[in-house]
Amino acid sequence: MALPSDFNSRCSISDNSLDRDLVDLAPLDSVPFPQPSAECDGLDPADDAESSGVDFTHQSNQAPLPFTSCEPERSTFLKSSVSDIPLTSLEELLARSSINDVYIGPVKGDDGKLLPLDPNRRTLTDPSSLPYSSSSLAFAPPGIIMVSEIWSMFVTERLSYCNHRIHGLNVNALRTCLYDHGLNQLGCPAVLRRRLQEFVRRVRYAMSNVSGCLDSQDVLGPNHTESFETHEPNETLITSQPISSDVVSDIPSSPCSLSSSGSAFPPPIKLAKPIILTPDTFYSYLLIIDLEATCDVQTRSKTVPEYPHEIIEFPVLLYNTRTRRCVGVFHSYCRPKLNPDLTTFCTNLTQISQVQVDTACSFPQVLTKIENWLFTQHHLSNVRCAIVCDCSADMGKFMRIQCRLDGIPLPSWAKVWINLSKAFRLFYKLPSRHPVTLSTMLHDLNLSFIGQQHRGLDDAINILRVVRTLLADGCVLRVNERVDSGRAPTFVTSVPRLVAETTSGLMGSRLLLLSQKSRGGVEKEDVTSQTCLPVNIPEDHRQSLLWLANVQKSRLPNNY
């Protein structure tokens, strides 16, 4: 992923120790840091001695002082990455996108109209004018929210009543409320409402843990049947002094007025002790994976098996949930064996050339490199991690088929994952008729696609952007799908939340649910009759293709 030339020309990339210290002290300074001169290789300490009047003769028997290299040192991000393609400016792209994917600025412009938040037209937050360094605090990823003041209605009223009033707000009122609380304003109305509702729930839950002034069961959800009247705010947590002079000083005892037109808003109240909301860190690391496989135009039929997909691109983004940064990247192309020549449809869709796959390693070799990168370089054997994919096809279909075709067992860490589309729909409470794909998720979050669609690394970058927004909004991501070995590929089984909470080990590999037998029973035996196979294939792949052709037939409905 390379940024445009004009984009890089405005940025000063520096990773040496002096610049890192300067950036930490002044992260928002827009003046580029001075770079070492290209003539520093020829510097002599004696020259400086003559100009300063200092005698260096007594040091003639000592070794010369070492000088640091003028070439920039590789960042920690590049050192922890393994890739067969250059990762130039990828770290900077990820850092800048984390800033540009959030807007907390003013709601209206000087003309009194709503400022447009279209990603193609929005220029209000342009971090490209700031200098970049891998250690710059100016690019600390968003996600931590410190709440020092909140609308009075969100504290004095019952949570169900607050959710009801939030549900009736229009876009103007929603953005005004989000602006008053320092929350992200990007997203469709359904996303904005859910973001605000979850924010209120998290604040009330934190307040109930501090002093117990709120009913914790009411904060946790509507399952609690006991009702209580609207109460006055606790004096130990909040004070009745208004934040600005244009609001009344006393909190009304009657329910706060909040019109959907945005003409009247409840007064804010200040919390005696600020509340800090942090993203979920149940998993120490999230592995963002988006596989690309060989494909071709094909009509579905009972007599003709599906095209034997083979993985041709395997990218992995290693995301640290505590630092909220991508700390490493693995990328490798894979050389297919059954159909080594890519079809025109596949090349046009993925933009992967034939030369890239011809010079790539085989899938078993790539899988070995991935496990060495995970276990040896990053030591994730005993760290709680989870795979994140935008759908179930990556791990449930492509990964499973590829391992079967190569005659290797499916790795235990690849048997469970987080289906981001399912988690996105569940968290934002989208209707079943609403399509949820990577493109629609970005559209619902008011974000534009970065890079080339259906390119593995670019898709993984955009999946990471959705994950960061979900975590910042308060979503609790847990593994929700696993491989169902007793059924055909793409048939997966849901993982209950209770089982996911007990996950330990690498990427949920020790789930108790995996030890149980699949409801689909044992795998079907290979049947060679009435099966179409490609011609001129090695004998060691014939059994794998026979198995693949027969299990994929069960994907078709009976009335097809």
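In which crossing, left-handed or right-handed, does α15 pass α17? I will come to that in a moment, but please keep in mind throughout that what we are looking at is a predicted model, and that every value I quote has been computed from it.

Let me begin with the chain as a whole. Its secondary structure comes to 19 helices and twelve strands, and of its 560 residues, 47% count as buried. If we take the contacts in the chain with a separation of 6 or more, residues that lie 24 or more positions apart account for 72% of them. The accessible surface comes to about 27900 Å², and carbon and sulfur atoms hold 53% of that area.

Now to the pair of helices I opened with. Helix α15, residues 420-428, packs with helix α17, residues 456-472, at an angle of about 30°, and their axes are 12 Å apart. Angles under 35 degrees count as roughly parallel, and α15 and α17 are therefore roughly parallel to each other. As for the opening question, α15 passes α17 in a left-handed crossing. On the α15 side the contact is made by L420, F424, F427 and Y428, while α17 contributes I463, V466, V467, T469 and L470. By character, the residues of this contact divide into eight nonpolar and one polar, with no charged residue among them. For anyone following the spacing of these positions, an α-helix has 3.6 residues a turn, so residues three or four places apart point the same way.

One residue of that contact deserves a closer look, namely T469, which has its place in helix α17. With a relative accessibility of 9%, T469 counts as buried, because the cut-off for buried is under 20%. Leaving out residues up to four places away in sequence, T469 touches R195, Y428, L445 and L447, and Y428 is one of the α15 residues in the helix contact I have just described.

A second buried residue, this time in a strand, is S332, which is found in β8 and has a relative accessible area of 6%. Once its neighbours within four places in sequence are set aside, S332 is in contact with D84, I312, E313, F314 and V366.

The loop between β7 (311-320) and β8 (325-333) brings us to R324, and here the backbone is worth your attention. Most residues other than glycine have a negative phi. R324, however, has a positive phi of about 60° although it is not a glycine, and at 14% relative accessibility R324 counts as buried. H379 also has a positive phi without being a glycine, with a value near 55°, and this residue is found in the loop between α13 (363-377) and β9 (385-389). Is H379 buried or exposed? With a relative accessible area of 55%, H379 is exposed, whereas R324, as I said, is buried.

Finally, let me turn to helix α8, residues 171-180, which is mostly covered, in that seven of its ten residues are buried. Which residues of α8 are the buried ones? They are N172, A173, L174, R175, T176, C177 and L178. After α8 comes G182, whose phi is positive, near 70°.

Terms used
Residues numbered from 1 in each chain as written. Predicted model: local features only at pLDDT ≥ 70, side-chain atom pairs only at ≥ 80, totals over all residues. Heavy atoms only, no water. Axes fitted to C-alpha atoms, helices over the stretch in contact; angles between N-to-C directions. Helix = DSSP H or I, 4+ residues; strand = E, 2+ residues; numbered from the N terminus. Parallel < 35°, antiparallel > 145°, perpendicular 65-115°, else oblique. Left-handed = near helix turned anticlockwise from the far one by under 90°. Contact = heavy atoms within 4.5 Å. Nonpolar A, V, L, I, M, F, W, Y, C, P; charged D, E, K, R; others polar. Buried < 20%, exposed > 50% of the residue type's maximum accessible area, 1.4 Å probe, protein only. Areas by Shrake-Rupley, 256 points an atom, 1.4 Å probe, with all protein chains shown as cover.
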